[in-house]
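You asked for a second pair of eyes on this entry before it goes further. My comments are set out as numbered points, to be read beside the sequence and the coordinates.

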Amino acid sequence: MAKEKFDIIQSTCIPIEIDNCNTDLIIPARYLASTTRDPKFFGDAFMHDLRYDADGKTVEDFVMNKPEFKEAPRKGVHEIIVGGQNWGSGSSREHAAWAIAGYGVRVVISSSFADIHRNNLLNCFVLPVIVTKEFQQELFKSIAENSEMQVKVDVPNQTVTNLATGRSEHFDINSYKKYCLMNAYDDIDFLLSNKDKIVDFENKRK
């Protein structure tokens, strides 16, 4: 998946107000047999069976197909999903995180996440942000009132702000994962960035 440094992300949002949105909804199981790692393949599969009916026709009343939300994510537009509580429940399939990242989303905001899915998101350079239920509902309300409202996620200061109301909340993130996101490092990149220290340690042991 694309590795891009995280700093401040300010964007309009896609509201997916589905509690217990499980990984089978995020990406149907039939896609798990694929051997590709093409981001577009998995991005096209994101929420597929809610976006399309059994005949492949667009489900017009699903939120991602509504005119104000159907535009694909790009900088400042739909880079953030506001999801229902317990986002990513169900099986631990990594493909669910691949689908979200492949679609172009950089942040998912919810009042709670399934633990394994939350870690999978971080490994795919998607930031899971946990907020209170009150703040979550305020975001849904603000988006319903104005689909062009924006949310600002300040990774260095670990704050998320509803720019429609000015209200902010602090969010937690593991310090190692925060460092990796801000430097666009996966685990291998992090090790390579410390290669000199590792070599020096090994030399001293000799």
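The points below go from the whole chain to single helices, an aromatic pair and some backbone angles.

1. Status and overall make-up. The model is predicted, and the remarks that follow should be read with that in mind. The protein chain contains nine helices and eight strands, and 45% of its 206 residues count as buried.

2. Dimensions. The radius of gyration of the protein chain is 18 Å, which agrees with the value near 17 Å that a compact globule of 206 residues would have. The C-alpha trace spans about 65 × 45 × 25 Å along its principal axes.

3. Contacts, surface and charge. Among contacts with a separation of 6 or more in the protein chain, 65% are between residues 24 or more positions apart. The exposed area of the protein chain is about 10,700 Å², and carbon and sulfur atoms supply 49% of this area. The chain carries 25 positive and 30 negative charges, and the mean positions of these two sets lie 6 Å apart.

4. Helix α4. Which residues of α4 are buried? They are His95, Ala96, Ala97, Trp98, Ala99, Ile100, Ala101 and Tyr103, that is, eight of the nine residues in a helix that is mostly covered. These buried residues pack against β2 (13-16), α1, α2, α3, β4 (107-110) and α5, so that both helices and strands are among the partners of α4. The helix is followed by Gly104, whose phi is positive, near 115°.

5. Helix α5. In α5, which covers residues 115-123, the buried residues are His117, Asn120, Leu121 and Leu122. They pack against α1 (23-26), α4 (95-103), β5 (127-130) and α7 (175-183), and α4 thus appears here as a partner of α5, just as α5 is listed among the partners of α4.

6. Aromatic contacts. The count of aromatic pairs comes to seven. One of them joins Phe42 and Trp98 in an edge-to-face arrangement, with 5.2 Å from centre to centre and 70° between the planes. This pair links distant parts of the chain, as Phe42 belongs to helix α2 (residues 39-45) and Trp98 to helix α4, 56 residues apart. Both Phe42 and Trp98 are buried, and together with Tyr31 and Phe41 they form one aromatic cluster.

7. Positive phi at Met47. Where does Met47 lie in the chain? It is placed in the loop between α2 and α3 (48-51), and its phi is positive, about 55°, although the residue is not a glycine. Met47 is also buried, with a relative accessible area of 0%, and I would ask that the text mention the backbone angle and the burial together.

8. Positive phi at Phe125. A positive phi, near 60°, is likewise found at Phe125, again a residue other than glycine. Phe125 comes just after α5, in the loop between α5 and β5. Is Phe125 buried or exposed? With a relative accessible area of 8%, Phe125 is buried, because the limit for that class is under 20%.

How values were computed
Residues numbered from 1 in each chain as written. Predicted model: local features only at pLDDT ≥ 70, side-chain atom pairs only at ≥ 80, totals over all residues. Heavy atoms only, no water. Helix = DSSP H or I, 4+ residues; strand = E, 2+ residues; numbered from the N terminus. Rg over C-alpha atoms; globule rule 2.2 N^0.38 Å. Buried < 20%, exposed > 50% of the residue type's maximum accessible area, 1.4 Å probe, protein only. Contact = heavy atoms within 4.5 Å. Areas by Shrake-Rupley, 256 points an atom, 1.4 Å probe, with all protein chains shown as cover. Lys, Arg positive; Asp, Glu negative; His and termini not counted. Charge placed at Lys NZ, Arg CZ, Asp CG, Glu CD. Phe/Tyr/Trp six-rings, centres within 6.5 Å; stacked < 30°, edge-to-face > 60°.
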